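This report looks at how some helices and strands pack and pair. Please view the model alongside the text.

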Amino acid sequence: MMLSNVARTLVPSLLLLAAGVGAAEGGDPERRVLRFAADEHWGVARQFEQIQAPWTVSEGSEGLAVDFTAAGGAVSLALIARWAQERIAIDPAGELALAVTSDRADGLQLGVRLRDRAKRIFVLQPRPLAAGANRLSWQLPAALGKDAPAPGGLVVHELQLVRPAGVAARVVVQGLFQRAPLADATRAVAVRLDAGHPLNVVVPGAEDRLALVLANGLDREVAGSLTWRLSEDEDRPGAPATAAVRIPARGELRLPVALASRALGMRYCDWSLEVDGRRSSGRQRCALFAPVGPGADPAGFRVGVAAHPGRYTPSERTREIAGAALVGVGVLRDDVDWAAVEPRPGEWQWGRTDHIVATCVANGIEPQLILDFGAPHGADPAAVQRSEAHKAKGDKTKAMQALLRGGQADGPWRAFVAATVTRYHERVKLWEVWNEPDLEGFFSGSTDDYLRMLQGAWQEVKRIDPALTVLSGGFAGVGQHAGHKLNPGLQERVLREGSGWFDLHAYHGHGPFAAFQRSVDGELARIRAGMMQPRPLYFNETALTSAFNGERLQAQALVKKLVFARLRGAVGFTWYDLREDGDDPGDGEHRYGMIARDFQPKAVYAAHNELVARLRGKRCTGALDLGLGRWAVGFAGGGERVVVWWNEDGRLPEEPIALRAPGCTAARTVDMYGNLSVAPLRDGLVLAVPGTAPSYVVLPGGEQPVELAARLACFDGAPLLVPGERRTLATLVTNPLSSAMTLGLGTAAPAPLAAGATASLPLELACPPEARWGAVIPVPVTWDAGGGWRTTLAVPITVTGLIPAGGWEGRAPDFRCAAIADVVNFCDADPARVAQTWQGAQDCSFAGWLGRGGGRLRLRLDVSDDRPVQREDADGMWNADSIQVAFQIPGQAGHWEFGIARHEDGRVMKQVFLKPAGRNPDLAQIEAVVTPRAGGMVYELAIPYPVVGLSDAILDQGIRFNVIANDNDGDLREGFVRLAPGIGEQKSAEQFLSVRFAPAR
């Protein structure tokens, strides 16, 4: 792919921008952590913004200045910067010091509050200020108290400035410094992978710029050994390379890194540095691709990204937005937080939003602004009343949230909307009314409140400029969700009663593609059908976190969800989000970004670039029917056609497909990152094979829609074999050519096939006797039709559990989960909660049996638990000791998930957490018995076939099954023990285990 002229000009500007960013401070004996300069965005915490206060706060070259008048009583003022709150910066050892000047003493004090990854606060007690220059210092870890911070370092949560009553003073905070012990010299060396680009993108032709850079922060030379492995796969490190290193004092050493191949896509560099017998290690990333650059889609489809640039410094903000433009982002979605832009009535602070809008426009990106969240001076009486009730209970946080997330009074709300739209309407055409108002965490008013606010916003926007586009609040989702309890059915009512007050229906829907597709085609389609005035759909925030899923699956989700959005007629698609929100690899919210916190690219960033390059300017021409579990969507424009396709079920065999594209004389297949392969042509038909990862078939020579000519080999389902089993899989083969072919499949002898004919060929498969239940073993099978039509297919064997016939009495368990590998624990990273980490099989484990009889599916789970606790209601039983049982039945749209628990009062609780579309089970027909035993609990479940749509024939063929046991010893849900992923971390039936039932004797 050629680098566009826009991208050619954009890359140098990014390089200049990066020159002043990210200077390595390594392990400097005393490093300056914070400068408190104007680009750090320090200010007072929100609870102080909303009152008429005897102080002003300003930033400048001298630092953070706080000027107090003599008015008012004593105050402990919290000074914050969001970016500092989210960046790991403080080593919990050594000395921490603040440089401060004050024009007087008079009881003024300044302290620091730190926060660890577990979100616990550590208070460094305020120290008195003297007139003049001050150095306030704290010795860590002694100053942190008895509890050690969670692994991963600390962030600055806030500064605490104490002013006695009646004192007028000027205090300037000039810097935060740290002096950390450096007995381990590896801590003084920062290692980074440098592609000579601010987003670590290797542009084709500049591969020789890639290097590992070692920066030494010590006053002495550091000598040691560096080993690194460069890989294109996040899960499979490449071959090792080793070099002896000598890093000059306070200097850098560059080691060129050779690419093993020029394949486009990701590179993961795992490095290990050894100095004086001590070792440090880490992972760095870069991506190799030709940036597509910014530009609106001539076909009118908006490709966007949600971002939070206002949290960061102007230089970081500019770098983020330019990085979005680099990979073809056309729209950037961000909040206009009312309380931030108007902290007090009539006092407007537009600077941050001004800079975001101007930077977007300068980079060829359309801003989309959200009018959201309240201001205390705008809250309606009901919100004020709730706030006062929380305040009376001493909960200041909930008191403030009630004002900021509650309903807003009509006059102030309209004034805020009018002021904001008036300021930006010439550059901002897309206006969204609140973020996720269907979730209690974002909106605690009533549905009527939201409808009133929506109508008011619509009227104000259209009064200012009728050509502007109003989006409904971006609704989080449909169906069961704890956040919907306050206002159940809010989205449905808004669509039914308020569709005249917005132009586009904004919808989110995070999570895997399969769940997204089911919600869009199911419940969302149902409630959209009730709109009085039909409005187009805009998916303006949706994604999949790379936590628990990995970067590859995250990138695949981007392609699948955007392509599906276009297939369903949406007018836009926005990925969430641009830059990762934090540094905790186990926090899903910290792993949604396309780029990491330190601006390294992720796989989804490279995939976004290729997706825009392939589909920009093309219209969707519809779907091709490749059978259940397979997706193929056509696009056309610019003189070519593109088919995007994939197998959604990774356990389905690959099938060769023949496509008919009139005028096409040379076809190509392209992977997610832009790597090309020739697709053979014969009789005007193109041969290609979709895999589990989305890929593109590019067909030049016109824009007439692509047709499916034939599925050349259709396998009879997904092979489910128990260890040691052999099976013959029937394969329907087709010859779409105008002449006969001789077809070879696997090890079978080639067979003649007449033109236009179909035939059934056998394919012999065998499951290794030692195969592990749940494994998916790809078997390579050749398909050879001659004339250049030859390919190798992956036919996966899913290793299946076989449940014996008869009852489970006297039978060994069908499965047992009693090892650390079966445990997901939420307290592992918190030293203060070591007692809540998994202590062994007696803490929580289980043995399980499956069976059938009397027209029922049966389960027995014997759970070991040293301290059973269950005080929740049925909806929340998963928060305490309980089991969750899930299964997927072939042919049903979705999967089942049931919860079973025994309350401490003796009641057995049953709940349906998930159900396939169109199914409404009668819980009363499901038999559940929970029996306490010494050291545990025995759960027995019997589900009549008609309740869930089962039959003996289905169980003979197999279903997907999963179960987890939740553990709570009285303080919190510590975690769970699982048979397989797919329930506790996220809902994904594709990760369940397959199980078959032996026929009755």
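Helices α13 and α14 cross in the right-handed sense. The model is predicted. Helix α13 covers residues 551-567, and helix α14 covers residues 603-615. Their axes lie 8 Å apart, at an angle of about 30°. Angles under 35 degrees count as roughly parallel, so α13 is roughly parallel to α14.

On the α13 side, the contact is made by Glu551, Gln554, Ala555, Leu558, Val559, Leu562, Val563 and Arg566. From α14 come Ala603, Val604, Ala607, His608, Leu611 and Leu615. By class, this contact of α13 with α14 has 10 nonpolar residues, along with 2 polar and 2 charged ones.

The strands come next. Strand β44 (residues 776-786) pairs with strand β41 (residues 741-745). β44 also pairs with strand β45 (residues 789-799). The table sets out both pairings.

| Strand pair | Sense | Bridges | Residues opposite each other |
|---|---|---|---|
| β41 and β44 | antiparallel | 2 bridges | glycine 744 and aspartate 784 |
| β44 and β45 | antiparallel | 10 bridges | proline 780 and alanine 794 |

What do β44 and β45 form? They form a hairpin, with 2 residues between the strands. Glycine 787 sits in the turn and has a positive phi of about 60°. Within the hairpin, proline 780 has alanine 794 of β45 as its bridge partner. Towards β41, aspartate 784 of β44 stands opposite glycine 744.

Conventions: Residues are numbered from 1 along each chain as its sequence is written. This is a predicted model: local features need pLDDT of at least 70, side-chain atom pairs count only at pLDDT 80 or more; totals for chains, interfaces and linings use all residues. Side-chain values use heavy atoms; hydrogens and water are left out. Axes are lines fitted to C-alpha atoms, for helices over the stretch in contact, and angles run from 0 to 180 degrees between N-to-C directions. Helices (H or I, at least four residues) and strands (E, at least two) are DSSP runs, numbered from the N terminus. Angles under 35 degrees count as roughly parallel, over 145 as roughly antiparallel, 65 to 115 as roughly perpendicular and the rest as oblique. A crossing is left-handed if the near helix is turned anticlockwise from the far one by less than a right angle, and right-handed if clockwise. Contact means heavy atoms within 4.5 Å. Ala, Val, Leu, Ile, Met, Phe, Trp, Tyr, Cys and Pro count as nonpolar, Asp, Glu, Lys and Arg as charged, and the others, Gly among them, as polar. Two strands pair if DSSP finds at least two bridges between them.
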